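Reader: I would like a close look at a single strand. Please take me through its surroundings and its pairing.

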Amino acid sequence: MDSTRRLGKYRVEREVLDEQRLEEVTQRKSYSDTRPSLTKHLKDSLRCTAPKLKRSVVSSLPVLYWLPKYSIWDYGMPDLISGISVGIMHLPQGLAYALLASVPPVFGLYSSLYPALIYFFFGTSRHISIGTFTVLSIMVGSVTERLAPDADFLITNGTNVSAVDITARDAYRVQVAAATTVLGGLIQVVLGLVKFGFVGTYLSEPLVRAYTTAAAAHAVVAQIKHIFGVSPTRFSGPLSLVYTLKDVLLLLPRTHLPTLLVSAVSMVFLISAKELNSFLSPKLPVPIPVELITIVAGTFISTYTHLNSNYTISVVGEIPNGLSYPSVPDARIFGEVIGEAFALAMVGYAISISLGKTFALKHGYNVDSNQELVALGLCNAVGGFFQCFSVCSSMSRSLIQETTGGKTQMAGVASALIVLVTILKLGPLFQELPKAVLAAIVFVNLKGMFKQYSDIVTLWKRSKIDLVVWLVTWVATMLFNLDLGLAASIIFAMMTVIFRTQMPTYSVLGNVRGTELYVDIETHREAREIPGVTIFRSSATLYFANADLYLEALKEKSGLDISKMIIYKRRQEAKQKRRERRAERRAKRQAKKERRAQRVAQHLSGAPVFSVEEEAGRWRETCLDGIDIDEEEQDWTERENGTVFVVPITPQTPDGPCRWEYLKGGQPDCTSLGWMSELQDGDTTTLGSSSEDTLSHDLERVSLGSLGKWTWDIHSIIIDLSTANFIDTVAIKAMKNIFKDFSEIDVDIYMAGCQATVVEQLELGDFFSESITKRHLFASVHDAVLYCLDHRGATSYSRYGPSVDNYSSTQL
């Protein structure tokens, strides 16, 4: 058996199909048939039927779809075990991330309770865990500390010593966090209802990963004060991270050693326990709750050694029993936090939908992006009324929920019950927990985000543009803070898309011998350019941002400088007319002489003579023959991938203008321009370097005899539009100009590979006319090439020397 597998072959025999013939063969429907009218669309959207109402209700409340099918025997126990595991993680993370949000720890527990219950009814992902998250907590913290800084709550006692009114400060910070959360949630709900779930796709993976990596740096700086026991000034706005870090470094000599010792011991224990947990994870049914053990141990040690009173180590403080009553956020704060609220909405949704789709793909179910946006918005909007701060899915908790066997959203309810029991009964037990322990938990949990710096090496190898997006996002977020950094990152990412479509790759295609395939001749050695036909393609769609560049690239790749060639052509035509007029005047003068000579001859000998008209016609024909064989305008322009010669092949006739050719240097002699050595110095000049005044003179200086046999006629240009998914009015005007300009120099333009939507847009844009019909559009590049070869041929004219190897439609 052969070691190589023989690939299959196919043969298709059909007629050459232009767009008009293709529509006849396929019986294409009209635009009105494929696109319902606005009135019909409104009627269909407003019509209410029982199946439509059922689908609408079920899509708005996904719990009605899966809960009736819920099997306690199959899913009950896995969901319970998964929920307990995730609930245990909620406790330390809720308390720790509340410090990042600069609110009392109990509000972190609230944020782990209410949103999880709301997502149970409205969410479509079965595995993500909704609750507190590092990045969002940091973003909330930047808002609360900006609007409620310590300086606004200073009180002075009798000895003129200033202190911070912590109770009043924390109360206002809770209001700010709740207002920001509600506004962000409303933004998410509105975007979800208008089907804007796709907005999350504008936050690419490199952007999100760089943003979370920079946010981790913000979290580190925010927690340094709890690690070292110092009280730096918290700055806000651009460069706030730099100023805060500078202040922390200046305060390091004042480090509170007992606090630093507690932080160091906690981090060592957490890192060691997590490594052990990772090592034993294949053998353990559920992970060891390392954070919870650390909190319990820290609380126990702090309570019985009185760390707060004996060593002045800062502790969590009072945690009230029970749930707080709902309250309406202060709407006056909305105007001050709308930018941060929008940033929270976008980042939270991007993180949640990416995790949700990852688990959905793995387990074979669908996640509705618009419904997820609504569900997350309701979690934030409703949660804000219960003093929660912004939430989204957590990667660590979601992985635990999935790996411990969670099957449905019921696992989220079980985890919320664990948090509820803690709030109602166990909350006061954590009042003596040192804040340094919570800060250590935050530090250790950021390890995964710090590993994302390896993206720099990966992206360097895979995509330089994605690497630039990553670096710009990281730098912008580090310098401009989280809200402005996100805005700058999105703008830059969008600019990269615009630049890539505005400056695409333009190429000339050649045929793969024996096939109907056409590839870039610059990147494929075996691709042969079709003599007489230039096939042009752009790697991006044609629209207003690159329409002008498209025309310039087409001129460059085809080697035809239209404007200068039109000037030269008109000058040559004018010169031809002047020569004809001179020839006529000469003929008239000669006719007069002949008439005088005839009279003399008749008078002397009586012999017959030619008529004046006949003699003038003979003289004119002789003059024109002299022009045709004279060392006449043999014109050329040099370009990077060959040489183009402008050659008038026929004089102007009374029926119409003369026909022009554009001869292009071929392989191999003209590609290397070896024939140029035959010309003397000073006998060559490029068209691009010629001024308008000396253009005609310069182009007349080269003899066509130097071309040898490697020339062919450029008579057709095929524009491959297979990469275009739309075309706007500006691009349509540009295409009209292309047809008009190239027709001025007798070059035919055809388009190929247009999608149906592009054809429809061309029709609506009045692109087609008497001169440009659907006969100029072809189903494929190969159809267009075959038509060009049959219509105009592919060989140079023998009057200029030996022709090139013949190409024909039968060979292709």
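Author: What follows is a walk around one strand and its partners. The model is predicted. The strand is β5, residues 506-512. It is mostly covered, with six of its seven residues buried. Buried here means under 20% relative accessible area.

Take the pairing with β8 to begin with. β8 spans residues 533-538. Four bridges join β5 to β8, and the two strands run antiparallel. Within this pair, valine 508 of β5 stands opposite phenylalanine 536 of β8.

Now turn to β6, residues 518-520. β5 and β6 also pair in the antiparallel sense, over three bridges. Leucine 509 stands opposite aspartate 520 in β6. The connection is a hairpin, with five residues between β5 and β6. Glycine 514 sits in that turn and has a positive phi of about 85°.

There is also β7, residues 527-528. β5 pairs with β7 over two bridges, again in the antiparallel sense. Here the bridge partner of valine 512 is alanine 527.

A general point helps when reading the neighbours along a strand. In a regular strand the side chains alternate between the two faces of the sheet.

To recap the partners: β8 is joined to β5 by four bridges, β6 pairs with β5 over three, and β7 pairs with β5 over two. Each of these pairings is antiparallel. The strand that takes part in them has six of seven residues buried.

Notes: Residues numbered from 1 in each chain as written. Predicted model: local features only at pLDDT ≥ 70, side-chain atom pairs only at ≥ 80, totals over all residues. Heavy atoms only, no water. Buried < 20%, exposed > 50% of the residue type's maximum accessible area, 1.4 Å probe, protein only. Pairing = 2+ DSSP bridges.
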